[in-house]
Amino acid sequence: MTRGDARELAVHLIYARGFTEEDPQELIRTRMDKAYYAGLSEDNGIYADRPGKGLRTYIDSVVAGVVQETDALNEYIARYSVDWDVSRISRLARAIMQLAIYEVLHMEDVPTGVAISEAVRIAKKYDGDDTGAFVNGILGSFARGLNSEV
């Protein structure tokens with residue numbers, strides 16, 4: 001499993017939590033259960049391999065961080081999504097952008113360009129080219145905004 005696969009799993013978990021409001025640790029424990037996880041492998045290839053310890057630590061960290069910082073992350077999305085109310089943005093696109101913004105702000109080992117390109121890749125994979133372009137536009141504006149603040 002790669003970091004990109006782990007990032008995709010994290011998006012799945014963040015997205016799922018948007019419906020359940022589960023405690024992040026409980027959500028991860030349930031979804032990473034061997035039997036549950038194996039059942040998902042038939043529907044999505046990223047579930048073919050389970051994350052190793054390092055990637056599991058990454059997943060635990062970013063999911064918990066996004067949950068803790070959801071309001072602040074949504075404020076960034078709102079600031080850079082001109083003429084779009086955050087509530088009108090699909091839950092999936094929001095989860096993808098929340099993760100990318102969290103990585104840029106809090107994960108020193110993830111370059112901004114990587115966080116954005118991975119977010120666009122995931123958005124295109126699950127929601128098409130238009131969503132990928134939308135996510136790219138908002139995250140690009142976010143990154144330029146951060147650079148101008150420094």
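This passage describes helix 1 and its packing in a predicted model.

The mean pLDDT of the protein is 93, and 99% of the residues score at least 70. Among the elements of the protein, the highest mean pLDDT belongs to helix 6 (98) and the lowest to helix 3 (86).

Helix 1 comprises 18 residues and runs over residues 3–20. Its span from first to last C-alpha is 25 Å, close to the 26 Å expected at 1.5 Å a residue. Just after helix 1, Glu-21 adopts a positive phi of about 60 degrees.

The buried residues of helix 1 include the nonpolar side chains Ala-6, Leu-9, Ala-10, Val-11, Leu-13, Ile-14 and Ala-16. Gly-4, Arg-7, Glu-8, His-12 and Arg-17 of helix 1 are buried as well. The packing partners of these buried residues are helix 2 (24–31), helix 3 (34–40), helix 4 (53–68), helix 6 (91–106) and helix 7.

Two packed helices are described by the distance between their axes and the angle between them. For helix 1 and helix 7 (residues 112–127), the axes come within 11 Å and cross at roughly 65 degrees. This crossing of helix 1 and helix 7 is right-handed. Helix 1 contributes Gly-4, Arg-7, Glu-8, Val-11 and His-12 to the contact, while helix 7 contributes Val-114, Glu-118, Arg-121, Ile-122, Lys-125 and Tyr-126. By class, five residues of this contact are charged, four are nonpolar and two are polar. The residues that helix 1 brings to the contact, Gly-4, Arg-7, Glu-8, Val-11 and His-12, are buried.

Note on methods: Residues are numbered from 1 along each chain as its sequence is written. This is a predicted model: local features need pLDDT of at least 70, side-chain atom pairs count only at pLDDT 80 or more; totals for chains, interfaces and linings use all residues. Side-chain values use heavy atoms; hydrogens and water are left out. Axes are lines fitted to C-alpha atoms, for helices over the stretch in contact, and angles run from 0 to 180 degrees between N-to-C directions. Helices (H or I, at least four residues) and strands (E, at least two) are DSSP runs, numbered from the N terminus. A crossing is left-handed if the near helix is turned anticlockwise from the far one by less than a right angle, and right-handed if clockwise. Contact means heavy atoms within 4.5 Å. The expected span of a helix is 1.5 Å times one less than its number of residues. Buried means under 20% relative accessible area, exposed over 50%, partly exposed in between (1.4 Å probe, protein chains only). pLDDT is the predictor's confidence in each residue, from 0 to 100.
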